[in-house]
Amino acid sequence: MSRISVIGIGYVGLTTAACLADLGHDVIGVDVDVDKIARLRNGKPTIYEPGLPELMDRVIGAGRLRFTTEYADAIPHSEFVFITVATPMNRRGDVSLTFVRQAARDMAAVMSRPITIVNKSTVPVGTGNVIDRIVRENLSDDIPFQVVSNPEFLREGSAIQNFRQPDRLVFGARDRAAAEAVAALYEKLHAPVLITDVTSAELIKYASNAFLAMRLSFINEMARICEGVEADVKVVAEGMGLDRRIGPAFLEAGIGYGSSCFPNALARMAESMGYHPELLDAVTQINLDQRRFIVEKLREVLGGLTDQTIGLLGLSYKPNTDDIREAPSLEIVQNLLQKGARVRAYDPAAMPAAQRQQKAVEYCENPYALAAQADALLVVTEWDEFRTLDLGRIKPLMRRPVVVDGRNIYDPRTMRELGFVYRGVGRS
């Protein structure tokens, strides 16, 4: 059992802390948000993640996970310190390291023994060196430490499963022994391990995200072509996915990806080196175009959007999370409002977060209230709840039985047999 501190208890931090405790380690989570820590101490998760409440109950009850707002309560007693703070990104893709820098300073101020610092935040290449320099500048004594990059590949909504059954574990360090020590924390997972230098580990994270985004933008471009030639993009994707060189993952056409971790930051990094990242920029532009494309599809089928009541099924950027950071729903709402539509929304988990950002939307208690007197429903997030709606009950509630399916969760023929005016993405 190792003694571990986790700094920054957001999506990655809380999942990492709970899962490391579940592996048998003694973990203390550190966050400066007093209200968040108070809630966590009462065993209440601050994020929506399937399986997390039960996991927290187990590890807190066993005494292996606790929380504090004070670095001095955690760092001096730890062998490993994970940095999992937020690294917010603006629309252009510039990443802020403000919280990473502050964590490094605050950690150094209370260090009293040799530790291994593990960076798990999503950061630009070179951040490991930044952390190393800041810690050295702020140490009061000559205390040995190592910095290891351990990028996370968790998917919100399935983060606990991803932690327990990773495709690979990546560790980057100047000192291989330090990387091996961090890898040993995960040894019960029996996962493939790649040990490399810090810079390569940092780039693996960005490159992986960008490649997945490229697949999504590619299939969305194919969807536009499919509509022009009356083909079905789901069949096209199925045929592509049967090729072992391609595979089926991330070939679902729709309104595009929404996570803040995709290719913008990598593109801006390339520009800083004087390289024009044409492919990465095209991936991002196609993704943004999909959001406008889906609103235009609504406008075409309704004959205009002024004074039309549009119900959004889903707000989170993906199902099984309440995260709306960079969610397509945010831009779609703004676009609809600017075109004069009245916007309603329902999401099983993300409405509290959305209400803090968008006051002009009417939030409904369930999909049936959303459908009442609506001129159209737009599927934004592919929650399982929406796949199993009683569509026969939905149709008579609507003023106009129009469904624009931004995630292709319904069968076009079935929808038309039920009497809906149905439009998918790339469906014949």
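Helices here are DSSP runs of H or I with at least four residues, strands are runs of E with at least two, and both are numbered from the N terminus. With that in hand, here are some exercises on this predicted model.

**Exercise 1. Describe the overall make-up of the protein chain: how many helices and strands does it have, and how compact is it?**

Step 1. Start with the elements: the protein chain has 17 helices and 14 strands.

Step 2. Turn to the radius of gyration, which is 23 Å. The globule rule gives 22 Å for 428 residues, a close value, so the chain is as compact as a globular protein of that length.

Step 3. Look at the outline. Along the principal axes, the C-alpha atoms fill a box of roughly 70 × 45 × 40 Å.

Step 4. Go inside: of the 428 residues, 55% are buried. Among contacts between residues at least 6 apart in sequence, 73% join residues at least 24 apart.

Step 5. Finish on the outside, where the accessible surface comes to about 18,900 Å². Carbon and sulfur atoms account for 50% of that surface.

**Exercise 2. Work out the order of the eight strands in the open sheet, and find which strands stand at the edges.**

Step 1. Write down the order: β3-β2-β1-β4-β5-β6-β7-β8, with mixed pairing.

Step 2. Check the ends. Both β3 (65-68) and β8 (193-196) have a single partner strand, so each has one side without a neighbour in the sheet.

Step 3. Add the twist: on average, neighbouring strands are turned by 25° against each other, direction ignored.

Step 4. Zoom in on one pair. Strands β5 (residues 115-119) and β6 (residues 145-149) run parallel and are joined by five bridges. Within this pair, Thr116 has Gln146 in β6 as its bridge partner.

**Exercise 3. Place helices α2 and α5 against the sheet: which strands does each one meet?**

Step 1. Take α2 (residues 34-41), which packs on the sheet and touches β2 (26-30) and β3. The direction of α2 makes about 155° with that of β3.

Step 2. Move on to α5 (residues 127-138). This helix lies across β4 (80-83), β5 and β6, and runs at about 160° to β6.

**Exercise 4. Decide whether Cys226 and Cys364 are buried or exposed, and say how many disulfides the structure holds.**

Step 1. Recall the cut-off: a residue is buried under 20% relative accessible area.

Step 2. Apply the cut-off to Cys226, which counts as buried because its relative accessibility is 5%. Cys364 has a relative accessible area of 6%, so Cys364 is buried too.

Step 3. Count the disulfides: the structure holds zero.

Key. Residues are numbered from 1 along each chain as its sequence is written. This is a predicted model: local features need pLDDT of at least 70, side-chain atom pairs count only at pLDDT 80 or more; totals for chains, interfaces and linings use all residues. Side-chain values use heavy atoms; hydrogens and water are left out. A disulfide is a pair of cysteine sulfur atoms within 2.5 Å. Buried means under 20% relative accessible area, exposed over 50%, partly exposed in between (1.4 Å probe, protein chains only). Two strands pair if DSSP finds at least two bridges between them. Axes are lines fitted to C-alpha atoms, for helices over the stretch in contact, and angles run from 0 to 180 degrees between N-to-C directions. Contact means heavy atoms within 4.5 Å. The radius of gyration is taken over C-alpha atoms; the globule rule is 2.2 Å times the number of residues to the power 0.38. Accessible areas come from the Shrake-Rupley method with a 1.4 Å probe; for residues, only the protein chains shown count as cover.
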